[in-house]
Every structure is written in C-alpha cells, then in structure tokens.
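Reader: Got a minute? I'd like to go through this one with you.

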Amino acid sequence: MTMTFSADEDFALRLDSEDPLRPFRDKFHLPLDGNGRPLIYFAGNSLGLMPKAARQLVEQELADWASLAVDAHLGATTPWYSYHETLREPMARLVGAKPNEVICMNSLTVNLHLMMATFYRPGKERFKILMEDPAFPSDTYAIKTQIIHHGLDPKDALLLARPRKGEFTVRTEDIVELIQRNADTLAVVLIGAVNFFTGELFDIPAITAAARKHGITMGVDLAHAAGNVPLSLHDWNVDFAVWCSYKYLNSGPGAVAGAFVHERHATNTQLPRLAGWFGNDPNTRFRLHLEPEFIPVASADGWQISNPPIFSMAPLRASLAVFDEAGGMEPLRAKSERLTGYLQFLLEEAGSNRFTVITPREPGGRGCQLSILSHEHPKELHKKLEAAGVKADFREPNVIRAAPTPLYNSFHDVWRFARILTEH
Ligand SMILES: *Cc1c(COP(=O)(O)O)cnc(C)c1O
C-alpha cells in the first residue's frame with residue numbers, strides 16, 4: 001500500500017474528517033492539559049485511555065455487591081461466578097483464537113510463569129530458552145528464574161537473539177538461524193510479538209514454523225501486540241501466549257490479563273500445570289473438600305486458578321465491546337498503518353538529524369509505535385514535549401516512544417506532535 005501524505009495542517013484535518021473511526025475518540029476520556037485542552041496522548045502502549053462505558057459497568061458491580069453480597073455470585077446482573085466467560089469470545093476474536101483456547105486471569109507475568117510451568121519441562125537434551133534482546137525486564141526475570149527454578153544456570157540455558165552490530169532491531173532470519181543451530185537443545189522460544197522498546201513487529205508465523213519444525217515449544221508475549229496488530233494465534237500454531245489488557249486494550253491499571261493455550265494442548269487434561277479450584281471441572285468444583293482430586297477443564301479454563309477478579313474485569317468488558325463495535329482489528333490496523341505512516345512521513349519530511357526512528361520503516365514490520373532515538377539532549381526534548389501537552393514516554397537512555405492509536409488518536413494529533421518535536 002502506498003500512501004501519499006502532505007505536511008499541511010489542512011491535510012491532517014481532512015484525513016480526520018474522512019476517517020470512519022473518528023467517532024470512537026469520543027468513547028474515551030482524554031486527559032486535559034493545564035488549559036483544558038486534550039493532551040496529545042501517545043502513551044497507549046503504556047496505559048490505554050479509559051473507555052467512558054467502563055464507569056457504568058464498574059458501578060453496576062459495586063451496586064450488586066452492595067445489594068446482593070454473596071448472592072451476586074449467581075444472582076448479579078452479570079453473575080460473578082462465570083464473569084470471565086463474558087470476556088472469552090471477544091478476547092478470542094482479538095488474538096485470533098478459538099474460544100476454548102483463551103482464558104482471562106491474573107496478570108501478565110504471572111500468566112507467563114503459569115504457562116512456563118506447563119511448557120518448560122527441561123530435560124537432559126532440551127533445556128534452553130531463546131528470547132529476543134532487549135526483552136521487557138519482567139519477562140527476562142521470569143525466564144531466568146524459571147531456569148534457576150529447574151536447577152539450571154541462565155548462562156547455559158538462556159539464548160538471546162540480538163540486533164546485528166549497527167542495527168537496532170532483530171532480524172527474523174537471525175532468530176530462525178539461532179533456532180536451527182540450537183535445534184537439539186532448545187526447549188522453548190519466547191518472543192515478544194511487538195518489542196516494547198523498538199516497536200518491531202516480529203514475523204511470528206515464520207518463527208513459530210521454524211521452532212515447531214524442530215519440536216520446540218513456541219510462546220509469545222503479546223503485551224504490545226494485543227489490540228495493536230492483527231493476530232492469528234490458532235492458525236499460526238503458536239503453543240501458548242500471554243498478554244496484559246491495560247496497554248492497547250484500555251482496560252485500566254493492573255487489569256486482568258489473558259492467556260492462550262493452543263487447542264491441541266488445551267484439551268489435554270494430562271498436561272502438568274499449577275492448579276487451583278477454578279481450573280477444576282465445574283461439576284465437582286463445589287464439592288470442595290469432598291473432591292481432593294483435581295480434574296482440569298478440557299480447555300484453557302483448565303489453567304485458571306482463582307475466582308474471577310470482577311472489578312478488574314468490568315472495564316475490560318467495556319473495552320472489548322468498543323473493539324467489536326469498531327469492527328475488530330482489520331479496520332483498526334488499516335487506520336493504524338496510515339496514522340503511524342503519517343507520523344513517519346512528517347518526521348522524515350522535517351529531515352532532522354537530531355533524531356533517528358529505530359522502528360522498522362515498512363508497516364508490516366511494526367505496530368503503531370515509533371521509537372525515536374534522540375541524538376541531542378534526549379531528556380530535554382522529552383520535557384519539551386511534555387510542556388507542550390504531549391504524553392509520550394521516555395526510555396533510558398535516549399528513546400522517546402510515541403504510540404498513536406487508531407481508536408482515540410487523530411491525524412491532527414500526529415501533525416501537532418511532529419511539529420512540536422521538529423521545531424527548534
Ligand atoms: C507491560 C509489559 C509487562 C508488564 O507485566 P505485568 O505482569 O503486567 O506487570 C511484561 N512484559 C512485557 C513484554 C510488557 O510489555
């Protein structure tokens with residue numbers, strides 16, 4: 001797809017007026033600057049904005065708690081006992097899964113540990129884990145401590161796929177090459193589908209095919225991918241995936257996370273796992289102490305441990321409804337490519353040698369985020385952006401991450417951001 005852009009403000013305004021997703025901006029609370037104007041909010045990769053519909057759904061749960069208390073488990077407007085089931089199908093649509101492959105539970109890093117408990121069973125031959133570098137620190141801590149938990153040393157068991165010298169992002173071919181070279185000793189490949197730092201979108205189907213060809217388990221962290229790029233976890237044949245819902249999924253701080261277990265494993269009740277009562281067959285769940293035997297549900301639900309956290313799930317219901325109303329990831333991705341493409345165009349047009357965009361240039365190699373490496377006074381530049389009403393984050397030592405999202409950002413937001421960034 002080629003796109004012709006112009007740096008005129010009128011052009012940005014015209015793109016907004018022609019944008020079919022334009023009305024969705026009004027479904028979110030946009031934080032305001034000191035003068036009461038909406039911030040240019042490009043931090044949805046860190047914490048997505050609040051859907052206006054979230055308040056009513058949370059208040060409903062508070063009201064049911066107040067008036068029904070324990071009886072709300074079965075008698076609430078949306079019964080608490082099965083509340084997680086209301087999230088299953090919309091969430092499965094967003095990640096390209098079958099409903100029986102998805103469970104919303106816990107938080108992201110916890111789910112990563114739970115998936116590793118099932119899928120990382122190191123033996124004498126196969127004991128290594130391959131990750132990209134730099135990975136998000138929580139993932140690195142989780143993976144290193146998993147290795148140590150099994151009595152191994154990360155120095156022997158952790159392989160890192162790094163950018164080549166002079167490059168910022170990791171090439172798919174280099175990951176595939178590492179997989180082939182370590183095919184006999186690798187147990188698990190874990191890749192963040194969109195890298196938190198560079199914004200690179202990895203070729204997950206190609207990496208998964210390379211791993212699975214050698215019998216290696218493929219896990220994906222979707223923290224920066226869910227709600228950002230189209231995903232087809234089932235068809236790609238990924239073994240497991242985990243993600244949070246407070247970034248592009250706009251469901252509020254620390255909100256409930258997701259996990260995917262491919263059907264071929266999800267239905268296998270023999271797989272080892274760390275269990276709790278909500279993963280047990282509902283027919284015997286409430287026999288409690290009379291049923292000491294754990295009988296997992298033959299779906300991703302078999303990994304659920306605890307009863308659902310209602311107050312963290314209510315905003316996610318509101319958010320997932322917005323994604324469905326927008327028509328899912330396809331129209332969102334179409335706008336996202338234009339929005340981010342426009343940002344890239346404006347930055348290149350300004351031709352500043354004060355910064356370098358380290359995110360891949362082709363739209364297929366990235367999500368909505370551009371990572372802007374500042375060559376001079378990066379902290380001052382970030383302060384200047386903040387002072388001008390921009391919310392974009394700063395990653396040490398010198399990278400500003402800007403993530404225009406298709407649900408609530410406008411082309412005019414992008415135009416204003418680029419002007420503030422590039423003016424002297
Ligand atoms: C945001 C993020 C996390 C955060 O983990 P929590 O368990 O939700 O606190 C972990 N990993 C990646 C890749 C992230 O982007």
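Reader: Is Cys104 buried or exposed?

Author: Buried, with a relative accessible area of 2%; buried means under 20%, exposed over 50% and partly exposed in between, using a 1.4 Å probe and protein chains only. Keep in mind that this is a predicted model, where local features need pLDDT of at least 70, side-chain atom pairs count only at pLDDT 80 or more, and totals for chains, interfaces and linings use all residues. Residues are numbered from 1 along each chain as its sequence is written, and side-chain values use heavy atoms, leaving out hydrogens and water.

Reader: OK, and why is there no bond from Cys104 to Cys244?

Author: Because the sulfur of Cys244, the closest cysteine sulfur, is 12 Å away, too far for a bond. A disulfide here is a pair of cysteine sulfur atoms within 2.5 Å, and the whole structure has 0 of them.

Reader: What about Cys368, how far is its nearest cysteine sulfur?

Author: That one is 13 Å away, again in Cys244. Cys368 is buried too, at 1%.

Reader: Switching to the ligand: which residues are around it?

Author: Leu108, Thr109, Phe136, Asp139, Asp221, Ala223, His224, Tyr246 and Lys247, each with a heavy atom within 4 Å of the ligand.

Reader: And how far is the Lys247 side chain from a ligand oxygen?

Author: An N or O atom of the Lys247 side chain is 2.5 Å from one. For Thr109, a polar side-chain atom lies 2.6 Å from a ligand oxygen, and for His224 the distance is 3.1 Å.

Notes: A polar contact is a pair of N or O atoms within 3.5 Å; within protein, one must be able to donate a hydrogen and the other to accept it, and residues adjacent in sequence count only if both atoms are side-chain atoms.
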